[in-house]
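I open these notebook entries to record what I looked up, item by item.

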Amino acid sequence: MESAITNSSSSLKGRGVNFSAPRSFFRKFGSKCKETFFPDDPFKPISQEPNGLMKTKKLLEYFVPIFEWLPKYNLQKLRYDVLAGITITSLAVPQGISYAKLASIPPIIGLYSSFVPPFVYAVFGSSNNLAVGTVAACSLLISETFGEEMSKKNPALYLHLIFTATFITGLFQFALGFLRLGMLVDFLSHSTITGFMGGTAIIILLQQLKGIFGLVHFTHKTDVVSVLHSVFSHRNEWKWQSALAGVCFLIFLQSTRYIKQRKPKLFWVSAMGPMVVVLVGCLVAYLVKGTEHGIQTVGPLKKGLNPPSIQYLNFEAKYLPMVIKAGIITGLIAMAEGIAIGRSFAVMKNEQTDGNKEMIAFGLMNIIGSFTSCYLTTGPFSKTAVNYNAGTKTPMSNVVMGICMMLVLLFLAPLFSYTPLVGLSAIIMSAMLGLIDYEEMYHLFKVDKFDFLVCMSAFLGVSFISMDYGLIISVGISVVRALLYVARPSACKLGRIPNSVMFRDIEQYSAAEDMLGYVILQLGSPIFFANSTYVRERILRWIRDEPEAVEFLLIDLSGVSSVDMTGMETLLEVQRILRSKGIKMVIINPRFEVLEKMMLSHFVEKIGKEYMFLSIDDAVQACRFNLSTAKPEP
């Protein structure tokens, strides 16, 4: 029988499986590392440069992107970037104060955080659209991690720990980018981020009821039940003046958002809305002496640029676990959000952003920020959307924003001391209403129920338990799903499409025909210890379920990217079981890495080269020739 198939195989000479010598270990290891850490092969254009000077220039441009875009800069681009920079500054001031309040830190820290980091990002960032600033979710998560109680009992220590957590965040982000470990961010799936942001928006919205009603006593917890209980148990503290002002501000802000949605060219109306609320609130609070009527204000804001804070970094052992936890969790979320937002807007302009460069940029701006009285910054969606709509051309818009923030800190900061807290609460609530993506959640429900489960686990976990547990639950479910894919790999039975040499899944294509005497299977994932038992049992079940006698089992390995020794032994075991039943096993199109393993483990010798083919049609022809000339061995 072997000679019959060999004769048929020889007729297909020139298009058979290539049994070339396996590569050396170091060559394979180098190839694997390159594909893992450098899938985009960023250094290839550099290596192709003719001389050392040009290579050095390209290398510098790669690691410090400002050297790439600044020499090409012109006045026409500057005009757009100045407009965009001024526009996002109008959003940065109220958001900086609001989100600092959310993190339970002095409002001036929020303004500091919009001054230094934009300059750092302009030098090292790769996105032309991203606008740098603080974000609500991470601000609240920081407050939740350290506890609002600490911020009241020892505000100086609380602030120093936040600077330290920001430093840890920067180190973590920089290390991931430098070591090309951006793939870790992929564990935060789109579904997880959608649910997490929605759940965070819900608890932030409810937290703002404290400012809207002018409450003095409020819970330190963030879950929905505790917050609502705190709001309604302190009804005696509700102040109608504060509530009325809050509702008016919120209606105004939502109206500006509606105008932007109806007429996108009027985006600046929505962008200026928060600044208008702050200015009007300051004016009203100053003129009517709002504090005497139950309207609380931000309080004193001193002039001056960021003071150094490197001396305040606190690495005491008793605080270190809390600091590391806050730094890594907020760093991961901020990084995933910033990269996703940067990529989304880049796609609209047919541009590309480098995720690893972005991580390095985020890391450096948080490290330097922690030295200059800033807390965690990334690329918030609202500010980036305004930057994009304002027509930004390069990261220079961040430089313009930084310069404008410098002028605010030097000359205008005290004017914002009359900002009513109810106005800040309305600004935050308006921003959070845009983060609950109902349409995307419904889309997930319609398309993929498991993705919807992942999304809802994050949403409900964050809303009713806590932000970190909600995130952990969602990521855990996502990992379980990935493990299920690994342990139960995709496989299908193929049939021939009539009047063609194509073979397709018989469940997907009803026209595909079974071939009597053949079972043709296609495996679509790596075969290794975690799924080898399932692969063996599934193959044998397909053989057992065949109504007619089976002469040949054809296994298409085109989709199998790798195989370990357990997987190899499994295939050999299947071959031995089938041989005892008079069935021949044929391997089709093993990929390079799989074939190398088969040759090194002597699998090819054991099964025979004559039973390995390049395509299903070649294998079927060989087997058909064999069936007409020989019978299976006993």
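Contact, as I use the word here, means heavy atoms within 4.5 Å. The model I worked from is a predicted one.

Entry on Asp505. I located Asp505 in strand 2, which spans residues 503-505. With its neighbours within four places in sequence left aside, I found Asp505 in contact with Cys492, Lys493 and Leu494. I also looked up its separation from Arg262: the two residues lie 243 residues apart along the chain, and their C-alpha atoms are separated by 47 Å.

Entry on the annotated domain. The unreviewed UniProt entry carries the annotation "domain: STAS" for residues 508-623. Over residues 508-623 I noted 45% helix and 16% strand. The C-alpha atoms at the two ends of this stretch are 25 Å apart.

Entry on a helix pair. I looked up helix 22 (residues 438-447) and helix 23 (residues 449-464), which pack at an angle of about 145°. Their axes are 6 Å apart. Helix 22 contributes Met441, Leu444, Phe445, Lys446 and Val447 to the contact, and helix 23 contributes Lys449, Asp451, Phe452, Cys455, Met456 and Phe459. By class, I recorded eight nonpolar, three charged and no polar residues in this contact.

Entry on the surface. I noted a nonpolar surface patch of about 1000 Å², with Phe252, Trp268, Met272 and Tyr418 among its residues. Which helix supplies the largest share of the nonpolar patch? Helix 16 (residues 267-287) does, with eight residues. Tyr286, one of the patch residues, is found in helix 16.

Entry on salt bridges. Side chains of opposite charge can pair when their charged atoms come close. I recorded nine salt bridges in the structure. In one of these, the side chains of Glu61 and Lys57 meet at 2.7 Å, N to O. Why are Glu61 and Lys57 separated by about one helical turn? I attribute this to their positions, because they are four residues apart in helix 4 (residues 52-63).

How values were computed:
Residues numbered from 1 in each chain as written. Predicted model: local features only at pLDDT ≥ 70, side-chain atom pairs only at ≥ 80, totals over all residues. Heavy atoms only, no water. Patch = residues over 30% accessible without salt bridge, like charges linked within 9 Å, V, L, I, M, F, W, Y side chains within 5 Å. Areas by Shrake-Rupley, 256 points an atom, 1.4 Å probe, with all protein chains shown as cover. Salt bridge = Lys/Arg side-chain N within 4 Å of Asp/Glu carboxyl O. UniProt positions renumbered as here; feature names shortened; annotations may be inferred. Axes fitted to C-alpha atoms, helices over the stretch in contact; angles between N-to-C directions. Nonpolar A, V, L, I, M, F, W, Y, C, P; charged D, E, K, R; others polar.
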